[in-house]
Amino acid sequence: MADPISRTLIAFALLASLLLSSHASSDVPFIVSHKKASLNRLKSGAERVSVTIDIYNQGTSTAYDVSLSDDSWPSDAFEVITGKTSKSWERLDAGGILSHTFELEAKSKGLFAGEPAVIKFRVPTKAALQEAYSTPILPLDVLADRPPEKKFEWAKRLLAKYGSLISVVSIIVLFVYLVASPSKSSTKGSKKKR
């Protein structure tokens, strides 16, 4: 059974595809945006959040004065390290894609669920700015306690998977070494004969 977040994302995707098919016949831009975030724990113990927002124009005409604003990161919980949480572009052609990335550093521990980013754009046939929203991100467990990394976990998995094969190969290598190398007794005897 799917969890509520997955069902919400699936419903959103179905709604977006329905809207995409209904707007495909008209001559307007159709903006679809995807927001993703990933956590990166630094050796110092700090945790950084890398946020990428991709904006797609799935419509049949150009969107002008495109602006992105992602104000869902509270300043008391996150500090902007690189980039900005907002950006503007002159245009987004039909079938085009724009991408924006910024990085934050977490100040406090806890579960954080970000809101969708807001994309505003202008359509030549309408005076008012149009709005579109990105997908929301899944909740991030910022600065969560994680078990220490197991450095030789890969060796254990390798032995568990191929342990018998490794044993057979090592026995064969030992056998070949013993058969192919001259014995000490035969080398002593050959030295005495000379």
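What pattern does the chain follow when it is read along the sequence? Read in that way, the chain follows α-β-β-β-β-β-β-β-β-β-β-α-α, and its secondary structure comes to three helices and ten strands, where helices (H or I, at least four residues) and strands (E, at least two) are DSSP runs numbered from the N terminus.

Before I go on, a word on the source: this is a predicted model, in which local features need pLDDT of at least 70 and side-chain atom pairs count only at pLDDT 80 or more, while totals for chains, interfaces and linings use all residues. Residues are numbered from 1 along each chain as its sequence is written, and side-chain values use heavy atoms, with hydrogens and water left out.

Let me begin with the sheet that contains S6. Four strands make up this open sheet in the order S1-S2-S6-S4, with antiparallel pairing, and two strands count as paired if DSSP finds at least two bridges between them. As a general reminder, the strands of a sheet pair through backbone hydrogen bonds, either parallel or antiparallel. The edges of this sheet are strand S1 (31-41) and strand S4 (78-82), each of which pairs on one side only. On average, and with direction ignored, neighbouring strands here are turned by 30° against each other, the axes being lines fitted to C-alpha atoms, for helices over the stretch in contact, with angles that run from 0 to 180 degrees between N-to-C directions.

Within this sheet, strand S2 (residues 47-57) runs antiparallel to strand S6 (residues 97-106), and nine bridges join the two. If you want to find the register on the screen, Thr 52 has Thr 101 in S6 as its bridge partner, and Ser 50 stands opposite Glu 103 in S6. S4 is also antiparallel to S6, and four bridges join them; there, Glu 79 has Glu 105 in S6 as its bridge partner.

Which residues of S6 point to the buried face, and which point to the other? The side chains alternate along the strand, so to speak, in two sets: Leu 98, His 100, Phe 102, Leu 104 and Ala 106 point to one face and are buried, whereas Ile 97, Ser 99, Thr 101, Glu 103 and Glu 105 point to the other and are not buried. Buried here means under 20% relative accessible area, exposed means over 50%, and partly exposed lies in between (1.4 Å probe, protein chains only).

The other sheet to look at is an open one of four strands in the order S5-S3-S8-S9, with antiparallel pairing. Strand S5 (86-92) and S9 stand at its edges with a single partner strand each, so one side of each is left without a neighbour in the sheet. Neighbouring strands of this sheet are turned by 20° against each other on average, direction ignored. Strand S3 (residues 63-69) and S5 run antiparallel and are joined by six bridges, and the bridge partner of Leu 68 in S5 is Lys 87.

On the edge strand S9 (residues 130-133) we find Glu 131, which is partly exposed, with a relative accessible area of 43%. Not counting residues up to four places away in sequence, Glu 131 touches Val 118, Ile 119, Lys 120 and Phe 121, contact meaning heavy atoms within 4.5 Å.

Now to the interior. The largest nonpolar core has 27 residues, of which Ile 31, Ile 55, Val 66, Trp 73 and Phe 78 touch the most other members; such a core is a set of buried Ala, Val, Leu, Ile, Met, Phe, Trp, Tyr and Cys residues joined through side-chain atoms within 4.5 Å.

Finally, the aromatic pairs, of which the structure holds three; rings of Phe, Tyr and Trp (its six-membered ring) pair if their centres lie within 6.5 Å, and planes under 30 degrees apart count as stacked, over 60 as edge-to-face and the rest as tilted. The rings of Trp 73 and Phe 78 have centres 5.2 Å apart and planes at 90°, so this pair is edge-to-face. Phe 78 also forms an edge-to-face pair with Phe 112, at 5.0 Å centre to centre and 65° between the planes. That pair links distant parts of the chain, with Phe 78 in strand S4 and Phe 112 in strand S7 (residues 110-112), 34 residues apart. Trp 73 and Phe 78 are both buried, as is Phe 112, and ring pairs link Trp 73, Phe 78 and Phe 112 into a cluster.
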